[in-house]
Structures are given as C-alpha cells and as structure tokens.
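Subject: Structure handover and notes

Hello,

Here is the structure for your files. Please open it alongside this message, as the notes refer to residues by number.

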Amino acid sequence: MSNLKNFLFTSESVSEGHPDKVSDRISDMVVDSYLAGDPFSRVACETLTTTNKVVLAGEVRGPEIKEADLIQKVRNCIKDIGYDQDGFTWREATKIESHLHSQSADIAMGVDSKDNKDEGAGDQGIMFGYACNETEELMPAPIHYSHKILRLMAEDRKSGILKNIEPDSKSQVTFEYIDGKPNKVKSVVISSQHSADVDQAKVRELLTPYMLKSIPEKFLKGFDEKEFYVNPTGNFVIGGPDGDCGLTGRKIIVDTYGGAAPHGGGAFSGKDPTKVDRSAAYASRYIAKNIVASNISEKCLIQLAYAIGVSKPLSIYVDLFDNDLEKNKFVTEKISQNFDLSPRGIREMLGLNKPIYEKTAAYGHFGRMPEADGSFSWEKTDKKGVFSK
C-alpha cells in the first residue's frame, strides 16, 4: 500500500453469483471431489461459464470419478448459488461438458517425491502473504467490508429474507486513511442483479441495510448519502454467466487483499495443494498473520519464491514497514527455524490435503474463521508466540 500517510484507498468484492466466481466454485468443487477420494490427488481444473453452458478442462490424477457424477455436482453448485434463469440454470437446459484428462508425466516427474528426492513445487512462481491490524481479522479494511456486504446479502437472499435480488453482485468500498490508518468511508458502490419486478429506487431501499450492517458506525460518521452508489448503470436484470462469460482465476485481487498488497499472479481455485500458487500463498498469509497477531508489527508482507521440482523456497522476503533492521532479522530467523516451507511441509503444517476448498471460492480466501473440518487453517494465530521477543 502507499507510503503516503493520508490517502484514499478502494477495494472491490464480487459475489458467489458473479460469472468468474461461479467458475471458481465449480473448479474448487472438482478439487474437493478428487481430494475426498484420495488426499494425494492432483488437480488443475479450469471452468468456463456462459449462456446455458459450462465447460471443464484440465489435468487430474486420482480416483475414478464418473463424468455423470461430476456433472451432477456442477448442477448442485449452480443450484446452491441460486441460478434458475432462462440464460443460466442448474437444470438440463444448461449443457455441461468435461474435458478433464490425465496429468502430464513431465509435471508429475518434477513434483513427485522419489528415492531421496523430496516432493518438489508444482510450478515456479512468487507468492505473497499480508496482514495488518486494520480489522480484527487482520485484513485491510476496504476489502474486508466489501466482502461482508455481499456475504450478508447472499445469506439473506438464500434464506428468503432478501427478495427480488439475484445472485450476481459486486461491491466497492473507498476508505479515507489519516496517518496511515482507516479513518472513515468516503464512498460505497453496490451493483446487484435484480428481478424485473423492482425499480432502482426499490433496489436501493433493499440494499441500503446491508451497507449499514456491514460497516462499523465509527467509519460512517459524516457519510454523504450521495456517495452511496447502487446500480449506477440504471438496470441490472440480465446477469451471471448469461450476461458475461466467466472463467476460473480472474478475480485474484478479490481473493486476496483487495490491492493493498502485491500479488504473485497465480490464481488459487481449481488447484490441489501441491500447487504452490495456492499452498504457499496460504502459508505466507499464515506467517504474516501470526507476526501481526504477536504485536511485533502493525503490518507485515511476506514473499516466497519457488522453482518447479525444487522443494525449498528460493527466497523468503519479509517487510515489517518500520525500517527496523534488527527486528526484521529476528523475524526472518524465526520463520526459518519454525516453518517448513517445502510443499510437503506446508501441506502437513496446515492440513491442506482435505476437501476444504469449495467454500474458499467466494468472499475471499483470507480473513475467514478457521473451521472444525480444517477449512481456513491458515487463518489460525497459534504461532504468534514464536515472534514474541
């Protein structure tokens, strides 16, 4: 984030009904389906969604799953999201194709452990993790509250409390920062697909409570109602994959820190945990969050770098944003001593060989509560004692 002390910063989120998020959800369902049958399955699945069509493509290695069963699971995803429209539905009108095939032998050779060789990274690349004390979840405020607006809308839409609002929605929150801290909200945008039965005044009336419920009152003092934008285009009846083609992995900034920290470029959804794009990004968030939770620093950025087939990271970079070289050295040493950042080490440390990924596909992979089934294990702060001086 900017080195300026006073500035405006904006982040956006998109709902589970956004076309790209529909694709992410389906791709992560495929990952979970294979991991449920064999925790050491390999999956790299991409999904395309468009008007009444879903196409799966990619590479897998794992248990035999009947194509008909996988296609039914795709329909279940679409149904749970809430799509049953002329242009996109969970019913037979939507055609679903699977083009999944066996994983490349060359990739498998580089990644698999054999004899004295430890398991290597599934690809080269750089991954970032970030945490800051702007919210209790140690996430940047703009992305945290953008997610919350849409999450609450989706919960009420699915339970029947929120009527005439359809699955495809986006939010955007702009914060004013004073002396580097979030001070107040300057603007909020919510764009949501709606039924043809309601006009824009009604849509605004329906969605205003979600903005007010999601953002703490202290940040809304003096908020100008003119800076609350609802469906600025004026109409949003045609939405979801019928309105715009969706692809896996196109919302990587929504998935992470809303632009408040760098991103290595690799998407998460559709990838099993041997892919360091996913697992090392989770591990770097885990480390950064524990550092900030220890109160040694108000914010922290971690970068990890890998080469395909090589088990240990090529580099570990730490930025505590305070120019304290001794503290930085201390933290870097503690990371090396206490965290195994090989692909195998990360998976074992965070328990990643489980079917826990479908629920990560919307409302961010970070800033969530760890769950009993092992989901969001990278959000635990059980290692903060490691960094206490």
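The notes below cover salt bridges, one histidine and one sheet.

This is a predicted model, in which local features need pLDDT of at least 70 and side-chain atom pairs count only at pLDDT 80 or more, while totals for chains, interfaces and linings use all residues. Residues are numbered from 1 along each chain as its sequence is written, and side-chain values use heavy atoms, with hydrogens and water left out.

Salt bridges

The structure contains 24 salt bridges (a side-chain nitrogen of Lys or Arg within 4 Å of a carboxyl oxygen of Asp or Glu). Among them is the pair of aspartate 255 and lysine 21, whose closest N and O atoms are 2.6 Å apart. Aspartate 255 belongs to helix α7 (residues 252-255) and lysine 21 to helix α1 (residues 19-37), so this salt bridge ties together parts that are 234 residues apart in sequence. Helices (H or I, at least four residues) and strands (E, at least two) are DSSP runs, numbered from the N terminus. Aspartate 255 is buried, at 2% relative accessible area, and lysine 21 is buried too, at 1%. Here buried means under 20% relative accessible area, exposed over 50%, and partly exposed in between (1.4 Å probe, protein chains only).

Glutamate 298 and lysine 181 also form a salt bridge, at 2.9 Å from N to O. This pair links distant parts of the chain, 117 residues apart: glutamate 298 is in the loop between α8 (276-293) and β12 (299-306), and lysine 181 is in strand β9 (residues 181-194). Glutamate 298 is partly exposed, with 47% relative accessible area, and lysine 181 is partly exposed at 34%.

A third case lies within a helix. Glutamate 205 and lysine 202 form a salt bridge with their closest N and O atoms 3.2 Å apart. The two are 3 residues apart in helix α5 (residues 200-214), which means that about one helical turn separates them. Glutamate 205 counts as exposed at 53% relative accessibility, whereas lysine 202 is partly exposed at 31%.

There is also a network of salt bridges that links Glu16, Arg25, Asp80, Lys158 and Glu358.

Histidine 101

Histidine 101 sits in strand β6 (residues 95-102) and is partly exposed, with a relative accessible area of 44%. Leaving aside residues up to four places away in sequence, histidine 101 touches Gly58, Glu59 and Val60 (contact means heavy atoms within 4.5 Å). From histidine 101 to threonine 381 the separation is 280 residues in sequence and 39 Å in space, C-alpha to C-alpha.

The sheet

One open sheet has 3 strands in the order β7-β12-β13, with antiparallel pairing (two strands pair if DSSP finds at least two bridges between them). The edges are β7 (125-132) and β13 (315-319); each has a single partner strand, so one side of each is left without a neighbour in the sheet. On average, neighbouring strands of this sheet are turned by 15 degrees against each other, direction ignored. Axes are lines fitted to C-alpha atoms, for helices over the stretch in contact, and angles run from 0 to 180 degrees between N-to-C directions.

Between β12 and β13 the antiparallel pairing covers 5 bridges. Leucine 304 stands opposite isoleucine 316 in β13.

Two helices lie across this sheet's strands. Helix α8 lies across β7 and β12 and runs at about 30 degrees to β7. Helix α9 (residues 325-338) lies across β12 and β13, at about 140 degrees to β13.

Regards
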